[in-house]
Amino acid sequence: MEYPFDIIEKKWQSIWQEKKIFQAVDLSEKTKYYVLSMFPYPSGTLHMGHVSNYSIADAISRFKLMDGYNVMQPMGYDSFGMPAENYAIRHRTHPRLSTDDSIKVMKKQFKMMGFGIDWTREVSTCHPEYYRWGQWLFKRMYEKGLVYRKSSYVNWCNSCKTVLANEQVEEGRCWRCEEPVRQKELEQWFFRITEYAEELLDFSSVINWPERVKIMQTNWIGKSKGTNIHFHLSGSDEIITVFTTRPDTIFGCTFMALPPEHPLVASWLKGQDDNSPIVRFCNKVINEDKIKRTAEETTKEGIFSGHFAINPVNGEKVQIWITNYVLMEYGTGAVMAVPAHDQRDFEFARKYGIPIKIVIQTPAQNLKLEAMTSAYTDPGILVNSEQFNGMKSEESKASITHWMEDNGTGEEAITYRLRDWGISRQRYWGTPIPVIYCQRCGVVLVPDDELPVKLPEQLELGNTTTNPLLSAAEWINTPCPNCGGPARRETDTMDTFVDSSWYFARYTDAQNEKGPFTRKKADYWLPVDQYIGGIEHACMHLLYARFFHKFMRDIGLIGSNEPFARLLTQGMVTKDGAKMSKSKGNVVDPQYILDRFGADTVRVFMLFASPPEKDIEWSDEGVKGAFRFLNRLWRLFAEKIDILQGTENVVVSGSVSDEELDKLRYSTHFTVKKVLDDIERMQYNTAIAAIMEHLNNIYACKNKKLHDVTEKNIFIQSCRVVPQLLYPFAPHLSEELWSLLGYKQLIHNYGIPTYSPEFLEKELVNYVIQIMGRIRGKLEIAADASPAEIEREALSLANVQKHINGKKVKKVIIIPKKLISIVL
RNA sequence: GCGAAAGUGGCGGAAUUGGCAGACGCGCUGGACUUAGAAUCCAGUGGGAUCACUCCUGUAGGGGUUCGAGUCCCCUCUUUCGCACCA
C-alpha cells in the first residue's frame, strides 16, 4: 500500500496558505533570513532544473523557519525576453498572452511542490509596475554619468535580430540560439560598468561565495598593470600611446602595430582610392568575423602604413603596421611590437622581414638572434638598453616606468579586459528605454512623472528585418518633454539582464508605487543571506547584479555593498550524462513524477542524489527509492500509532539495561546532531542518508517488547525526531506525521530538535588494533579505561600475539576511542 | 596555451581534523510471506585465496613522507568547466 501523498500534500498546502506561515514580516524584531533562488524565465512549465533549484532553497528556508528566523523566500518571473517574442511571431499572437499562461501554470506547479513562498511579493519583470522602476533606475544612472550612447561595432545575432553583450557570446556563437555572431556598427546605449571594475574585484563584503565564481569574475574583469608609453608620429605633432605590461622591453621595439579600426588609420585612409591595397586590407579585416579574427590559429596579417613612429627612449624611427591581431577595444588600441620577446610580434616580424632586436638575455647569456625560433618571453637581464643594461628585467619595469614618468614619455597604467555593458536590444519584448530624441533638444529623458514608458500593445510583430517598435507609429511620435516640438521615442529596449539586476531589492518592498523600494526595508532584508542559482551566470547576471547594487548604494538607495552574502551554485539535472533538453529527447517532466509519487518524493530524491553544487543524474529507480523510504516511514507511524500518540514532554534519562534500546537512544541523539551539522554545511544528501539510517535502526527495534515507561519513551523519542529532521526535505509528510503524534501546532513552531551530549557518550568503545599499519584485531573496552589497560588488553589478543610473533614491541600509539597502533 | 575543479564498487555517492575505505540509496543474489506476481520483511553484496579461522589486494597511474594516506608532498595520465592573439 502506498501512502496517500496526494491527500496529505493538498491538505497541508492549504493549511499553510490559510495560516500565512510564509509571509515574511518587514522590519520584524526577529533575525531575518532572506533565501533567494534565481527567478525563472516563464517557459511553459517547470523543468527538473527548477525543481532541483527550488527544492534546495526551500530546504534552507524551512530549516530557518523552524529555527525561529523571520524568513523571506520570494518568487517572481524574468518575463521579458526573446523566446516569448519569437513564439508570438511564429503563432501570430502576443507575447503577453503566452507569458501570462506560462506564469499561471508554473505558479500552480510551485504550489504543488509545496515551496514556502511569500506570494505577496511576487514580481514579473514584464509588468509596467516593475519595469517602471527599471526605467527610473536607468535615469538615475544617466544622471550619474554611468549611461552613455555611442556608435560601435557590436556583436550581432542575425537569428535573434539583436545585439549581444560580450558576456552573451559563447565561443563566437549566440548564447541563446548558437547562431554565429557577426559584427555590426550600431548606435547603442552603454552602462559604464567599467567604472566599478576595481570595486567588483573586491570580494571582501561577501561571506561565502564559491572560489570558482570569484576567480571567473576576476578573470573576466581581467585587471592588468603596465605602462602607457607615448610615441610621436614622425613628422607630425600626433601622439600614439601604447599600453604594455613589458616596459622592460621598450628598447627592443622595432615596429608599432595598429588595428584597422584605429582613428589614426581612418584619418590616413581619407581620400585614398578604395582599391588601394591599404584600404582593401582594412575593409577586409574590419568586416571579418571578430571571433575568427581573434582566434589563436588565425594567421597574423598586416600591411605597412607608410608612417613611422619615434621610440621615445632612443629616438629610433619604427614602422607603423596595420594588423589583424591588435584589438581596438583593449588598452589604448595600439601596440609597441617587440618581436624578440613577444610571440605574436615575433611571428609577424619574421613573416614581413621586420628587424628583431634582443634586449633581454637569458641567465645563461645564450640567446642568439639567428638561432631563435620563437620569442623569449621569460625574465632575464637587460641588454642593448643603454643605462638599464645589466638590470634584472622584473626590476627594470619599475625603473624604466619611473624614468619615463620623469621625462614625460610614459606613466604607470591599469587596463581591464571588462568592457562597458551594451544594453540596447532591437526587440519588442523588453523594458522600453525612457529616452526621447527631439529634433531641437537632442537626447531628452522622459520625466519621472511620465514613467513608465509602456510598451504599445498593438503592433505588427511579423516583420523580422527591422526593430518591431519602429512600426508603432503612434507610439514613436511624441512631443518633446522639453520644448513640445516633434520628437521620437527610442525604439530599442533594454537587455533583460537589466531587469534581473535589481529584482532581489524589489522583493523587499514589491508593492511600492512611489519608488523601486524604500531604504528602510531594503536595509532590513539585504543582502540576500543565501542565493542559489546556476554557475552559467557567473560573469553575467551575478556580475551585473553586483554592479547595480553598488550603483544603488552610491545613490543612497541601499546601505550594503553586495547583493548576495552567500552563493550556492547548484548543478544541473542530467539524464544519460547530458543536460536535459528537447533536442536530445532526454527530458523528464516533473509533473508526471509529481502526479505519480508526490512532491515530497521528488524533493527527497533531488536532495539525496548528490550534494547541491554537483550535477544530479536523473534516475527513475532512485526516485522509487526515495518513495520507498517515505512509505517505510509512513508504515512505521501507521503501525505504532497507539504507542506514539499523546507524547508531550517525553524525558528520557539515566541508564537503560536493554542494549538494543540503548543503541537506539544513541542513534536518536547521534542522528539529530549529524543532521543539524550536515544542514549547516549544506550537505543534504548525507543529512537524508543519516535519517534513513536512523529509520533502519528504529525498524530493528520495532517489534521489541517495551517493558517500562523509560523503554517506551526511548522508542517514542526515536520516532518523534524523524518528522522534525525530515521537515526541510519532505515537509508535507513531516507535518502529517507530527499531527498524528498529537501535536496541535504546525511542526515548525516546536523549533529544531535538540540532542543531549550525554547520550552520545558510550560506556563501551571500539578500538581498531593495527600492527605496523595493518588491521589485526578489534577491541571493545570501557570508555574510561586507562592507556595501560588498553595496551594490555590489546596485546593479550590471540591474533595480535600471532602477528607480533615474538618480536619486540617498540611503541604503542593510542588514539582515544579510535585506534591502537602497535609499532614493532 | 593559461586558470580552476575533479578522478573511489555494476550505478548515484559517503568517509567533516592523516586513524576500520565503500555510510546511505539504487541494482543484483538468496531467503520469508504468496496459488503466483507485485508490494513488504530479513540476510548478503569491491576483487581474489579459503570448508572455515583468516590472509592477500584495492580509492586514475608511478614515487615519497608517516606507526598509519582516498586524504599530505612530487611526477604522469584522463575528464569537465572557465578564459583564450588582452599587448
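A cavity is a set of grid points where a 1.4 Å probe fits but cannot get out. In this predicted model, the largest cavity encloses about 160 Å³ of space. Its lining comprises 15 residues, and those closest to the centre are Gly81, Met82, Arg425, Asp495 and Thr496. Two elements, strand 6 (162–164) and strand 25 (493–494), each give two or more residues to this lining. By class, the lining of the largest cavity holds five nonpolar, six polar and four charged residues. In total, the structure holds five cavities of 30 Å³ or more.

The surface around RNA strand B was examined next. Sixty residues surround RNA strand B, and Thr245, Tyr330, Arg344, Arg774 and Ser821 come nearest. Sugar and phosphate make up 67% of the RNA strand B atoms that come within 4 Å of the protein. The surface near RNA strand B has 23 nonpolar, 15 polar and 22 charged residues. Helix 22 (residues 684–701) gives the most to this surface, with seven residues.

Several side chains place N or O atoms at short range from RNA strand B, within the 3.5 Å cut-off for a polar contact. For Arg344, one of the residues that come nearest to the strand, a side-chain N or O atom is 2.3 Å from a phosphate oxygen. The side chain of Arg632 also has an N or O atom facing a phosphate oxygen of RNA strand B, at 2.7 Å. With Lys674, the partner is a base oxygen of RNA strand B, and the separation from a side-chain N or O atom is 2.8 Å.

Helix 20 (residues 620–644) has 25 residues. At 1.5 Å a residue, helix 20 should span 36 Å; its end C-alpha atoms are 34 Å apart, so the two values agree. Helix 20 nevertheless contains a kink of about 45°. The kink is centred on Ala638.

Backbone geometry was then considered. A cis peptide bond joins Leu451 and Pro452, with omega about 0°. Pro452 sits in the loop between strand 22 (442–445) and helix 13 (473–476). Another cis peptide bond joins Leu526 and Pro527, where omega is about -5°. Pro527 lies in the loop between helix 16 (519–525) and strand 26 (530–534). Asn384, a residue other than glycine, has a positive phi near 55°. The loop between strand 17 (381–382) and helix 12 (393–406) holds Asn384.

Conventions: Residues numbered from 1 in each chain as written. Chains lettered and ligands numbered in written order. Predicted model: local features only at pLDDT ≥ 70, side-chain atom pairs only at ≥ 80, totals over all residues. Heavy atoms only, no water. Near = heavy atom within 4 Å. Polar contact = N/O pair within 3.5 Å; in protein donor to acceptor, adjacent residues only side chain to side chain. Helix = DSSP H or I, 4+ residues; strand = E, 2+ residues; numbered from the N terminus. Nonpolar A, V, L, I, M, F, W, Y, C, P; charged D, E, K, R; others polar. Expected span 1.5 Å × (residues − 1). Bend = angle between axes of the 7 residues up to and from the residue. 1 Å grid on protein atoms, 1.4 Å probe; cavity = no way out; pocket = protein on both sides within 12 Å on 5 of 7 lines; lining within 4 Å. Points joined across faces, edges and corners; volume = space filled by probe spheres on them.
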